[in-house]
Amino acid sequence: MNIQRVSDTLGRLKAPAFRLEQLRRAVFRETSASYEEISVLPVSLRQALGQAGPLLSVSAQAVLVSGTQRAHKASLKLCDGQEVETVLLRPSPTRWTTCISCQVGCAIGCTFCATGLMGFSRHLTPEEITDQVLFWRQYMKQRGLEGRLDNVVYMGMGEPFACYDNVSESLKILMDQRQFAVGARHISVSTSGLVPQIERFGKDFPQVNLAVSLHAADDELRDRLVPINRAYPLARLGKALRTYLRSSSRKVFLEYVLLRGENDRPEDAERLIQYVKSLGPLELLHVNLILFNQTETRHGACSEESARVFHKRLRNADIRATVRQNLGRDIQGACGQLIAQAKH
Ligand code: SF4
């Protein structure tokens, strides 16, 4: 919902100030799905708001639900006909998390990522980014799904720091107590390693979690897997992360997708251990090992046993690490699998 447009419309109609508060309560607390539903507003006002623009800037094209019912993936149509995907996850019985997109496609081109294969089309607006959260809250209400959605991760389609201004605006909207009221510590932004924006983010949003898609701890391999490494190699990334850790004292999450025979060998684990140890206090660093979800790329998934061994090597070296649950694999909604029918 574009709160500025709503506010302008109410101002043009000379509606009293409390109408905006009523509308905010209806949309963000009671999760009304349309202006018509907000019966506390006069009909004329509801009609004027509807004529100014839809409450949601995205509409569901399709929703897939995993066999476990713990992952839901939606293809959302944008106003220009393009599509993005977003995922709703239930990692534990009482918690819901959404993984949202910030671009149609992505220009970074990580070789194991389905979104990267699409190429780049455009950035999402702040409204399109935050409306993914609103969409899922409405979906949960319609489906009678219990619990509250108040964890948001920017790990869907796109590189958040390539559209920093829009992502920054969307973060402010999500954290606004009068709107989504999501706590800063319940939001994570994941980057492939755009150093200038990491530096900016540390100053602008010191309470929001930072995740870095590392995937390799030597430049030669990372140049191939995560091409942004050619612009911001590991030494430069490490320097930015050390500064970030010193100034924020917040934990940094390092994402590492395990690719069979490429970055899952003992020597890869050793390089990762040395790199993590070079960054700062180990209690502020956490490695998320991700089992590769097969996409139409040349890469192969390592076995669960190899992942377990790799994990153990890190733990034996006092590195905090987990093997991430792979919710949504059966609906192509897991890490690296998001791809929509973008109309380039
Ligand atoms: S992993 Fe992220 S940054 Fe890399 S291509 Fe995919 S969406 Fe873009």
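This passage describes the sheet, two helices and the ligand shell of a predicted model.

The strands form an open sheet of ten members with mixed pairing, in the order β1-β2-β3-β4-β7-β8-β9-β10-β11-β12. The edges are taken by β1 (59-65) and β12 (321-323); each has a single partner strand, so one side of each lacks a neighbour in the sheet. On average, and with direction ignored, neighbouring strands are turned by 25° against each other. At the β1 edge, the partner is β2 (residues 71-77), to which β1 is joined by six bridges in an antiparallel arrangement. Within this pair, V63 has A74 of β2 as its bridge partner.

Helix α11 (residues 304-316) packs on the sheet, where it touches β10 (252-258), β11 (285-291) and the edge strand β12. The direction of α11 makes about 170° with that of β11.

In helix α7 (residues 195-204), the buried residues are V195, Q197, I198, F201 and G202. These residues lie on the same side of α7, because the arc they cover around the axis is only 155°. In an α-helix there are 3.6 residues a turn, so residues three or four places apart point the same way. The elements that cover the buried residues of α7 include the helices α6 (164-175) and α9 (234-248), together with the strands β8 (187-191) and β9 (209-213). Both of these strands also belong to the ten-stranded sheet.

The ligand is surrounded by C106, I108, G109, C110, C113, G116, G158 and S192. By class, this shell comprises four nonpolar and four polar residues, with no charged residues.

Key: Residues are numbered from 1 along each chain as its sequence is written. This is a predicted model: local features need pLDDT of at least 70, side-chain atom pairs count only at pLDDT 80 or more; totals for chains, interfaces and linings use all residues. Side-chain values use heavy atoms; hydrogens and water are left out. A residue is near a molecule or strand if one of its heavy atoms lies within 4 Å of it. Ala, Val, Leu, Ile, Met, Phe, Trp, Tyr, Cys and Pro count as nonpolar, Asp, Glu, Lys and Arg as charged, and the others, Gly among them, as polar. Two strands pair if DSSP finds at least two bridges between them. Helices (H or I, at least four residues) and strands (E, at least two) are DSSP runs, numbered from the N terminus. Axes are lines fitted to C-alpha atoms, for helices over the stretch in contact, and angles run from 0 to 180 degrees between N-to-C directions. Contact means heavy atoms within 4.5 Å. Buried means under 20% relative accessible area, exposed over 50%, partly exposed in between (1.4 Å probe, protein chains only). The arc is that of the directions from the helix axis to the C-beta atoms.
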